[in-house]
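Welcome, and thanks for bringing your viewer along. Please load the model, show it as a cartoon, and follow the stops below.

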Amino acid sequence: MIFAMDSSVEWLLFLVKHHLPSKRAFSGDLHTYFYTQTLDHFNYKPESYATFQQRYVINYKYWGGGAVIAPIFVCLGAEQALETDLQTIGFLDDNAARFNALIVYIEHRYYGESVPFGSREEAFRNAYRMGYLNSAQALADYAEIMADIKNNLQASHSPVIVIGASYGGMLASWFRLKYPHLALGALASSAPVLYFDNITPSDAFYSIITKSFRETSESCYQTIRRSWSVIDSYASQPWGLSVLSSKFRTCYPLNSASELKKELESIYVVASQFNQPAYLVNRVCAAIDETQTDDILFKIFAAVVAFNGNNRCYINPPTPESQTVTGWKWQTCSEMVIPIGVGENTMFQPNPFDLNTFINDCIRTYGVAPRPHWITSYYGGNDFNFILQKFGSNIIFSNGLRDPFSAGGVLEHISKNIRAVTTTYGSHCLDLFPKSDNDPEWLTKQRNIELRIIKGWLVTYYADLKAFQKG
């Protein structure tokens with residue numbers, strides 16, 4: 001799942017452990033396979049024919065079989081190991097039985113165990129190796145695996161519904177557009193397909209976070225807003241970083257104020273992005289508002305503890321760079337240029353997105369420049385509604401409006417077959433999380449709307465197929 005910074009999946013797994021309902025333990029119904037995948041689908045140079053093993057998992061428990069043309073639900077992996085989807089995405093398991101559907105989870109290339117060149121170290125050695133990590137190659141991978149599964153199971157006419165969360169949601173919608181012969185429809189959850197090429201204002205992300213906090217508590221919002229200058233004031237003193245390290249019980253002495261501020265910003269972003277179902281914004285603000293002191297930083301530290309739980313230390317624990325962070329840094333420095341910046345009217349310090357600075361940083365890191373216009377050139381984005389109302393079909397764009405990434409999502413129906421399903425209080429990819437007895441009514445309603453749309457696609461498909469076969 002994409003995130004404004006680099007640690008999305010680490011935060012997601014932290015949230016699953018501490019705040020969010022996790023899916024039941026991995027089932028014995030899961031069968032793991034490896035497909036011999038082509039390294040480069042779009043060239044015919046000798047090196048393009050190299051292969052790697054790509055992992056996918058199938059659950060046959062609910063499937064009616066190819067003979068009755070039962071559907072196939074496919075979860076398109078994103079920038080994390082396959083286990084993360086198995087742990088956090090419950091929509092397929094929760095609903096496959098009612099459709100007699102086969103369940104498939106496919107791991108994204110370069111993540112988890114689906115790594116080219118023999119090892120993670122070799123795969124991420126340089127830009128020549130990482131150049132095969134991009135969305136178009138990933139979609140082609142999924143196409144090959146889906147075709148192979150359908151062939152092996154003698155299910156050539158079984159309709160496929162692709163499902164994805166965040167970046168995976170973008171992939172799902174793009175897969176439906178690029179491979180309509182393989183996917184009947186797509187459920188794209190929290191997919192910011194319009195957060196490219198200045199289609200969406202760059203400061204919209206942080207504006208939604210600010211709105212969420214301010215609507216929860218004005219005093220909380222004001223405390224956070226004032227805290228940045230207090231941190232800077234301390235840091236400007238010779239002893240300031242030492243005092244800040246002590247106040248926030250950092251795992252290691254702070255090297256700069258920005259180190260602390262980045263960590264605090266991450267907490268507020270994640271609390272807003274994944275607010276439901278644990279009401280993380282409320283939890284953070286309650287800690288700030290209920291701490292009886294005039295010391296702003298003590299209030300902020302109370303929020304850190306409320307978010308993280310009781311730990312020996314906070315802020316900068318030792319964390320080696322994960323596969324997800326390494327891969328996503330490359331993806332954002334090549335094609336996934338999401339121009340998120342901080343404007344003047346938020347609870348954060350202004351930090352506008354500057355494309356030239358971003359490009360130069362990427363060149364220094366990888367020796368290559370990003371292509372900020374490539375996503376809209378290859379998949380579309382400009383005049384999205386106008387184009388897709390005639391060209392596209394069978395896509396659900398679902399968004400919770402408390403999710404800051406909803407700013408770049410499709411929030412209005414494009415046509416009768418490309419639908420937007422939104423919830424006022426929803427958060428990032430919440431509709432795909434495992435269902436719970438404690439789910440609010442509006443979340444259950446959102447999922448039911450999505451299921452009715454998918455059922456409609458299938459009913460139409462079976463009728464059209466029957467008519468076609470009759471000739």
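Two strands are said to pair if DSSP finds at least two bridges between them; keep that in mind for the later stops. What you have open is a predicted model.

**Stop 1: the whole chain.** Select everything in cartoon view. The protein chain holds 18 helices and 8 strands. Its C-alpha atoms fill a box of roughly 80 × 55 × 45 Å along the principal axes. For 471 residues, a compact globule would have a radius of gyration near 23 Å, and the 23 Å of this chain agrees with that.

**Stop 2: surface and interior.** Now switch on the surface. About 20,100 Å² is accessible, and 50% of that belongs to carbon and sulfur atoms. Buried residues account for 57% of the 471. Colour the charges next: the mean positions of the 39 positive and 43 negative ones lie 5 Å apart.

**Stop 3: strand β3.** Hide the surface and select residues 72–76, which form β3. Is this strand buried or exposed? Here 5 of the 5 residues are buried, so β3 is largely enclosed by the rest of the structure. Show the side chains to see both faces covered: I72, V74 and L76 are on one side, with F73 and C75 on the other.

**Stop 4: the partners of β3.** Add residues 102–106, strand β4, which runs parallel to β3 and is joined to it by 5 bridges. Then add residues 160–165, strand β5, paired with β3 in the parallel sense over 4 bridges. Finally, centre on F73: its bridge partner in β4 is I103, and in β5 F73 stands opposite I161.

Terms used. Residues numbered from 1 in each chain as written. Predicted model: local features only at pLDDT ≥ 70, side-chain atom pairs only at ≥ 80, totals over all residues. Heavy atoms only, no water. Helix = DSSP H or I, 4+ residues; strand = E, 2+ residues; numbered from the N terminus. Rg over C-alpha atoms; globule rule 2.2 N^0.38 Å. Buried < 20%, exposed > 50% of the residue type's maximum accessible area, 1.4 Å probe, protein only. Areas by Shrake-Rupley, 256 points an atom, 1.4 Å probe, with all protein chains shown as cover. Lys, Arg positive; Asp, Glu negative; His and termini not counted. Charge placed at Lys NZ, Arg CZ, Asp CG, Glu CD.
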